[in-house]
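Biologist: Could you take me closely through one part of this chain, the strands near its start and how they pair, and then set that part within the whole?

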Amino acid sequence: MKGIDASADVFEYVGDNMIVRGHVVIITKTMMLKADNAVIHLPTKDIEAFGNVSLIRRVVSERSVSPEEYGELLEDVRKKVEVQNVTLSPLGKKMIRVKLTETTAHLQAERLAGNLETGELRFENFAMKSG
C-alpha cells in the first residue's frame, strides 16, 4: 500500500482484502494505529480494526526557529525535532530550519472503522487524550 507501512504477526490476502492478526501496527503520514486484528480493503484503504485499538494522530510541519526556540522544542516530549539546515537571517541571526512531528491526540477503543486515506474514522467504546 503506497504511503502506508504495516506489520503484524500474520498477513493473509483474501481477494482485495488484507487480513492482519497479532501485534498489528499501521503507520501513515498522519497517524499510527495499533490493534490486535485488522482488515484492510486494499483498493479503497477502508479499514476495520478491533481489539485493543490505539490510534496516535501526528501533525508534521516545517519552520525556522532561533537557537533558543530550538532548545525549547527539544524539551517537549510530544515533539520529534529534526534539523533540516542552519542559515543566517538577513540581519545575521542564526536560524535553524526544523521538521516537527507533534502528537496531537491519542485515542483508545475496542473497534475502529473508516478510511486510511481520508482519515475519516469511527470508534466504539473509546477514550481520548489530546494535546
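Modeller: Strand β2, which covers residues 10–14, pairs with β3 in the antiparallel sense over 5 bridges, and in this predicted model one of the matched pairs is Val 10 with Arg 21, its bridge partner in β3. The two strands β2 and β3 form a hairpin with 2 residues between them, and Gly 15 in that turn has a positive phi of about 60 degrees.

Strand β3, residues 17–27, also pairs with β1, residues 5–7, again in the antiparallel sense, here over 3 bridges; within this pairing, Ala 6 has Ile 26 of β3 as its bridge partner. A further partner of β3 is strand β4, residues 31–41, and these two run antiparallel to each other over 9 bridges, with Val 20 standing opposite Ala 38 of β4. The connection from β3 to β4 is a hairpin of 3 residues, so named in the same way as the turn between β2 and β3.

Within β3 itself, His 23 deserves a separate look. The phi of His 23 is near 50 degrees, which is a positive value in a residue other than glycine. Most residues other than glycine have a negative phi. His 23 counts as exposed because its relative accessibility is 63%, and the cut-off for that class is over 50%.

A second residue with a positive phi, Lys 45, has a value near 65 degrees and is likewise not a glycine. Lys 45 lies in the loop between β4 and β5, a loop that bears on the end of the part you asked about. In contrast to the exposed His 23, Lys 45 is buried, since its relative accessible area is 13% and buried means under 20%.

Turning to the chain as a whole, the secondary structure comes to 1 helix and 9 strands, and from the N terminus on the order of these elements is β-β-β-β-β-α-β-β-β-β. The radius of gyration is 18 Å, well over the 14 Å that the globule rule gives for 131 residues, so the chain is more spread out than a compact globule. The C-alpha atoms fill a box of roughly 60 × 30 × 25 Å along the principal axes.

Buried residues make up 31% of the 131 residues, and the accessible surface comes to about 8,200 Å², of which 50% belongs to carbon and sulfur atoms. Among the contacts with a separation of 6 or more, 45% are accounted for by residues 24 or more positions apart. As for charge, the mean positions of the 18 positive and 19 negative charges are 5 Å apart.

Further along the chain, Val 83 has its place in strand β6, residues 79–88, and is partly exposed, with a relative accessible area of 45%. Leaving aside neighbours within four places in sequence, Val 83 is in contact with Tyr 70, Ile 96, Arg 97 and Val 98, while the C-alpha atoms of Val 83 and Met 95, which are 12 residues apart along the chain, are separated by 11 Å.

Key:
Residues numbered from 1 in each chain as written. Predicted model: local features only at pLDDT ≥ 70, side-chain atom pairs only at ≥ 80, totals over all residues. Heavy atoms only, no water. Helix = DSSP H or I, 4+ residues; strand = E, 2+ residues; numbered from the N terminus. Rg over C-alpha atoms; globule rule 2.2 N^0.38 Å. Buried < 20%, exposed > 50% of the residue type's maximum accessible area, 1.4 Å probe, protein only. Contact = heavy atoms within 4.5 Å. Areas by Shrake-Rupley, 256 points an atom, 1.4 Å probe, with all protein chains shown as cover. Lys, Arg positive; Asp, Glu negative; His and termini not counted. Charge placed at Lys NZ, Arg CZ, Asp CG, Glu CD. Pairing = 2+ DSSP bridges.
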